[in-house]
Amino acid sequence: MGDRLTGALDCVVKRTMKKLPFVLAVLLSLGMPAFALADDLPKMTVWKTPWCGCCGHWVQHMRAAGFEVEVQDTEDLAMVKRMASVPEELQSCHTARVGSYTIEGHVPAADVIRLLTERPDATGLFVPGMPSGSPGMENGQHDPYDVLMLRNDGEAEVFSSYR
């Protein structure tokens, strides 16, 4: 009886752990911080211009999700983007590094957590431009947008879509 119970519990735990990224995404989309993960999340560094308000709002979004964020204000973002190998067609108003990944633009925290959980062979996540309704760009409107993952082979693919 004990072995059957242990086996059943193991099965439940495994199924629950597979759903953890989804559960975190739901909690984050509801504005609930991922406090349980805060100690496990790597520190994030964000480069932005000193006068960009939407970048500051995105930083707040990441902090609310449990990230420790260091902000580096700079007027030369072009240099940062070159050093981070951000392709011109994928650029936005701020660039971040978390773990070994580049995060460009208004990427939702749930997607960054998913990236860090799944650890794909990629350079990072990118939201080109500044779509209305994305984190930091909340203005009552919502433009559909995709979060792109740039694989290490240079190919971009859709990581998630917001419609």
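This is a short tour of a predicted model, moving from one helix to two loop residues and then to a few side-chain contacts.

**Helix H2**

Begin by selecting residues 53-64, which make up helix H2. At 1.5 Å a residue its twelve residues should span 16 Å, and since the C-alpha atoms at its two ends are 17 Å apart, the length in the model agrees with that expectation. Next, show the side chains of Cys54, Cys55, Trp58, Val59 and Met62, which are the buried residues of H2. If you turn the view to look down the axis of H2, these buried residues fall within an arc of 150°, and they therefore line one face of the helix.

To see what lies against that face, add the elements that cover the buried residues of H2, which include strand S1 (44-48), strand S2 (69-73), strand S3 (95-98), strand S4 (101-104) and helix H4 (109-118). Before leaving this region, select Gly66, which follows H2 and has a positive phi, near 110°.

**Two loop residues with positive phi**

Most residues other than glycine have a negative phi, and the next two stops depart from that pattern. Select Ser85 in the loop between helix H3 (77-83) and S3; although Ser85 is not a glycine, its phi is positive, at about 55°. Ser85 is exposed, with a relative accessible area of 55%.

Then move to Arg119, which is found in the loop between H4 and strand S5 (122-126). Arg119, likewise a residue other than glycine, has a positive phi near 55°, and at 47% relative accessibility it counts as partly exposed.

**Aromatic rings**

How many aromatic pairs does a search of the whole structure find? The search finds one, and to display it you should select Tyr145 and Tyr162, whose rings are stacked, with 5.0 Å from centre to centre and 20° between the planes. Tyr145 belongs to strand S6 (residues 145-151) and Tyr162 to strand S7 (residues 156-162), so the pair ties together parts that are 17 residues apart in sequence.

Is Tyr145 buried or exposed? With a relative accessible area of 6%, under the 20% cut-off, Tyr145 is buried, whereas Tyr162, at 24% relative accessibility, counts as partly exposed.

For the last stop, select Arg114 together with Phe159: here Arg114 lies over the face of the Phe159 ring, at 3.8 Å from the ring centre.

Terms used. Residues are numbered from 1 along each chain as its sequence is written. This is a predicted model: local features need pLDDT of at least 70, side-chain atom pairs count only at pLDDT 80 or more; totals for chains, interfaces and linings use all residues. Side-chain values use heavy atoms; hydrogens and water are left out. Helices (H or I, at least four residues) and strands (E, at least two) are DSSP runs, numbered from the N terminus. The expected span of a helix is 1.5 Å times one less than its number of residues. Buried means under 20% relative accessible area, exposed over 50%, partly exposed in between (1.4 Å probe, protein chains only). The arc is that of the directions from the helix axis to the C-beta atoms. Contact means heavy atoms within 4.5 Å. Rings of Phe, Tyr and Trp (its six-membered ring) pair if their centres lie within 6.5 Å; planes under 30 degrees apart count as stacked, over 60 as edge-to-face and the rest as tilted. A charge sits over a ring if NZ of Lys or CZ of Arg is within 6 Å of the ring centre and within 35 degrees of the ring normal.
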